[in-house]
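Subject: Structure handover

Hello,

Here is the structure I said I would pass on. Please open it next to the sequence while you read the notes.

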Amino acid sequence: VTFDVAADAYQRFMGRYADPLAQLVLGEVRPHPPQRALDVGAGPGALTAPLVAILGADAVAAIDPSASFVDALRERVPGVDVRLGRAEDLPFPDGGFDLALSQLVVHFMSDPVRGLAEMARVTRPGGIVAATAWDFGGDRSPLALFWSAARDLDPNAGDESELPGARAGHLAELFTAAGLHDVRSGELTVAVPYDDPDTWWQPYTLGVGPVGEYVATLDEPRREALRARCMELLGPGPGVIEATAWFVMATSPPQPR
Ligand SMILES: C[S@@+](CC[C@H](N)C(=O)[O-])C[C@H]1O[C@@H](n2cnc3c(N)ncnc32)[C@H](O)[C@@H]1O
């Protein structure tokens with residue numbers, strides 16, 4: 001999956017949903033000084049930036065495998081320890097954080113159980129590990145209308161519902177498999193306005209994530225047909241996109257001796 005795109009393309013495509021989702025995550029996790037937090041798969045910083053506002057730059061670290069996002073994040077949150085790397089191999093010592101959070105990332109991990117186990121490892125025993133994943137399985141992601149239109153025209157269009165953590169109950173299963181304790185699940189819903197159908201569509205052409213990869217495979221007539229089908233489903237407009245993510249929060253277990 002490609003996230004080798006400019007941070008502003010990501011911001012227009014997904015940041016518009018990730019920013020309000022981050023506020024809901026923080027409302028559940030309630031970080032407070034002097035806690036130390038790690039943002040895993042931070043992207044351009046939807047969760048990192050508000051964590052810094054609450055805890056201070058010295059108390060926050062972030063990691064992402066996309067070099068363009070890491071560069072953008074370093075500029076956005078000076079003083080934060082921002083690393084290039086993957087959840088599955090976190091370059092941090094055991095138990096150094098009170099909180100390890102990961103927003104909209106578990107579905108892209110090549111080994112989600114290992115990624116979550118790594119988040120548990122770097123969190124002190126009794127600290128919090130939490131993650132969100134869009135409900136692709138229940139067609140409640142912000143991309144649901146797009147994938148529905150794509151499937152109308154091409155039954156083989158993937159819709160991300162098979163990704164790890166993206167169907168009911170699966171994110172919590174992954175947490176349990178990773179050895180986390182006291183696994184609690186819920187859902188978080190954002191409502192994001194858009195001005196008109198064209199501004200809604202434009203970010204789908206920017207090459208971000210599985211949607212961007214799919215659109216890039218289409219020749220011009222098929223892309224135009226997909227855009228037209230999206231417009232039919234969307235209706236005229238300004239409007240509001242509602243999207244729901246699975247939210248799982250758990251406790252880091254005692255470290256093995
Ligand atoms: C949908 S974005 C979410 C970014 C950010 N957390 C947010 O809420 O806007 C998914 C992010 O996961 C990152 N990612 C992909 N595979 C990863 C992995 N194995 N470990 C950590 N991050 C990963 C991508 O580079 C991308 O920044």
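The notes below cover the pocket, the cavity, two helix contacts and a loop.

Please keep in mind that this is a predicted model.

Largest pocket

The volume of the largest pocket comes to about 620 Å³. It is lined by 39 residues, and those closest to its centre are F3, D64, L104, V105 and F108. By class, the lining of this pocket has 24 nonpolar, nine polar and six charged residues. Four elements each supply at least two residues of that lining: α1 (7–29), β1 (37–40), β2 (60–64) and α8. Helix α1 gives the most, with four residues. If you want a starting point in the viewer, centre on the five residues F3, D64, L104, V105 and F108, which are the closest to the pocket centre.

Largest cavity

How many cavities of 30 Å³ or more does the structure hold? There is one. The largest cavity has a volume of about 40 Å³. Its lining is made by V25, L47, L101, S102, Q103, A130, A131, T132 and F247. Strands β4 (97–103) and β5 (123–134) are the elements that give two or more residues to this lining. Six of the lining residues of the cavity are nonpolar, three are polar and none is charged.

Contact of α5 with α8

Helix α8, which also supplies residues to the pocket lining, packs on α5. The two helices, α5 at residues 144–153 and α8 at residues 209–217, have axes 11 Å apart and pack at an angle of about 30°. Angles under 35 degrees count as roughly parallel, so α5 and α8 are roughly parallel to each other. The crossing of α5 past α8 is left-handed. On the α5 side the contact is made by F146, W147 and A150, and on the α8 side by P210, V211, Y214 and V215. Sorted by class, the residues of this contact are seven nonpolar, with no polar and no charged ones.

Contact of α4 with α6

The second helix pair is α4 (residues 112–121) and α6 (residues 170–177), whose axes come within 8 Å and cross at roughly 60°. Are these helices parallel or oblique to each other? At that angle α4 and α6 are therefore oblique. Their crossing is right-handed. P112, V113 and L116 of α4 meet L174, F175 and A177 of α6. Here the contact has six nonpolar residues, no polar and no charged.

Loop between α1 and β1

Two backbone features in this loop should be checked by eye. Most residues other than glycine have a negative phi, and most peptide bonds are trans. R30, in the loop between α1 and β1, is not a glycine but has a positive phi of about 50°. P34 is found in the loop between α1 and β1 as well. The peptide bond from P33 to P34 is cis, with omega near 5°. The helix before this loop, α1, is the element that gives the most residues to the lining of the largest pocket, and β1 is among the elements that supply at least two.

Regards

Notes. Residues are numbered from 1 along each chain as its sequence is written. This is a predicted model: local features need pLDDT of at least 70, side-chain atom pairs count only at pLDDT 80 or more; totals for chains, interfaces and linings use all residues. Side-chain values use heavy atoms; hydrogens and water are left out. Axes are lines fitted to C-alpha atoms, for helices over the stretch in contact, and angles run from 0 to 180 degrees between N-to-C directions. Angles under 35 degrees count as roughly parallel, over 145 as roughly antiparallel, 65 to 115 as roughly perpendicular and the rest as oblique. A crossing is left-handed if the near helix is turned anticlockwise from the far one by less than a right angle, and right-handed if clockwise. Contact means heavy atoms within 4.5 Å. Ala, Val, Leu, Ile, Met, Phe, Trp, Tyr, Cys and Pro count as nonpolar, Asp, Glu, Lys and Arg as charged, and the others, Gly among them, as polar. On a 1 Å grid over the protein atoms alone, a cavity is a set of points where a 1.4 Å probe fits but cannot get out, and a pocket is an open set with protein on both sides within 12 Å along at least five of seven lines; lining residues have an atom within 4 Å of a point. Grid points are joined across faces, edges and corners, and a volume is the space filled by probe spheres set on the points.
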